[in-house]
Amino acid sequence: MSLAHQHGTPTPTSTDLQGGMTLISAASLWRSNKTPREARMALCGWLGQDDPLLLDAQQIVTELISNAVTHVEGGEGRDWVVLRVIRGSGSLRVEVIDAGALDGDGPHVVRQPPTSDPSTCEGLRALTESGRGLHIVKTLSRAWGTYLSGQRRVVWADLPYPSARPSLVRDH
């Protein structure tokens, strides 16, 4: 992995944060087309292959880092993205920290998935490779959002552990 620096080790470590949250680990990654893969590998090392949220967390991180790589202009001080993983009471938070858009425009979520009918303009857009990332983040997470930390933008998503999720199976 092309990590600039890594806080902690690949095995989970703890640093207490506000509100009972514990930093599992964090890494600065050089922005490139390999960054989403490197972030998925880091998550696997930090959480372990048996973590029930690993696959959802990897998908969310892939979407958020892909947005940072694709939509954030590079340049001096702008070629790195930071991945942080934080454990809370019954939840896991992933954060992607980047330099943000130069025009101050933040991320946008597609409110409803477009139709997949290729005979319509919406349907054609649904078949393209772009435009659904934040909808995926919204669907997989309990909550997500953004905030500014100094000059950097933080995009975060919270995933509840299975015991904290409402059961979809009803007893008869």
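**Entry 1: two helices side by side.** I began with helices α1 and α2, and I noted that they are roughly antiparallel to each other, since their axes cross at roughly 150° and angles over 145 degrees count as roughly antiparallel. I should record at once that I am working from a predicted model. Helix α1 covers residues 35-47 and helix α2 covers residues 54-71, and I found that their axes come within 9 Å. When I looked up the hand of this crossing, I found it to be right-handed.

I then listed who meets whom: from α1 the contact takes in Thr35, Pro36, Ala39, Arg40, Leu43, Cys44 and Leu47, while α2 supplies Leu54, Ala57, Gln58, Val61, Thr62, Ile65, Ser66 and Val69. Sorting the residues of this contact by character, I wrote down ten nonpolar, four polar and one charged.

**Entry 2: the other partner of α2.** Next I turned to helix α4, residues 133-140, whose axis comes within 9 Å of that of α2 and crosses it at roughly 150°. That angle makes α2 roughly antiparallel to α4, but I noted that the crossing of α2 and α4 is left-handed, whereas that of α1 and α2 is right-handed. On the α2 side I listed Asp56, Gln59, Ile60, Glu63, Leu64 and Asn67, and on the α4 side Gly133, Leu134, Ile136, Val137 and Leu140. The residues of this contact came out as six nonpolar, three polar and two charged.

**Entry 3: the chain as a whole.** Before going on to the strands I stepped back, and I counted four helices and seven strands in the protein chain. Following the sequence from its start, I read the pattern β-β-β-α-α-β-β-α-α-β-β. Of the 172 residues in the protein chain, 38% are buried. I also looked up how far apart in sequence the contacting residues lie: among contacts with a separation of 6 or more, 63% are between residues 24 or more positions apart.

**Entry 4: from β3 to β5.** I followed the strand pairings one after another, starting with strand β3 (residues 22-30) and strand β4 (residues 80-88), which pair in the antiparallel sense over eight bridges. As a landmark for this pair I noted Ser28, which stands opposite Val82 in β4. Strand β4 is also joined to β5, again antiparallel, by seven bridges, and here I marked Arg84 standing opposite Glu95 in β5. Two residues lie between the strands in the hairpin of β4 and β5, and in this hairpin Gly90 takes a positive phi near 80°.

**Entry 5: β7 and its neighbours.** Strand β5, residues 91-98, is further joined to β7 by eight bridges, with the two running antiparallel, and I found Ser91 opposite Pro160 in β7. Strand β6, residues 143-149, pairs with β7 in the antiparallel sense as well, over seven bridges, and the bridge partner of Trp144 in β7 is Ala157. The hairpin of β6 and β7 has two residues between the strands, and I noted that Gly150 takes a positive phi near 65° there.

How many of the nine residues of strand β7 are buried? I found that eight of them are, so β7, which covers residues 152-160, is largely enclosed by the rest of the structure.

Methods
Residues are numbered from 1 along each chain as its sequence is written. This is a predicted model: local features need pLDDT of at least 70, side-chain atom pairs count only at pLDDT 80 or more; totals for chains, interfaces and linings use all residues. Side-chain values use heavy atoms; hydrogens and water are left out. Axes are lines fitted to C-alpha atoms, for helices over the stretch in contact, and angles run from 0 to 180 degrees between N-to-C directions. Angles under 35 degrees count as roughly parallel, over 145 as roughly antiparallel, 65 to 115 as roughly perpendicular and the rest as oblique. A crossing is left-handed if the near helix is turned anticlockwise from the far one by less than a right angle, and right-handed if clockwise. Contact means heavy atoms within 4.5 Å. Ala, Val, Leu, Ile, Met, Phe, Trp, Tyr, Cys and Pro count as nonpolar, Asp, Glu, Lys and Arg as charged, and the others, Gly among them, as polar. Buried means under 20% relative accessible area, exposed over 50%, partly exposed in between (1.4 Å probe, protein chains only). Two strands pair if DSSP finds at least two bridges between them.
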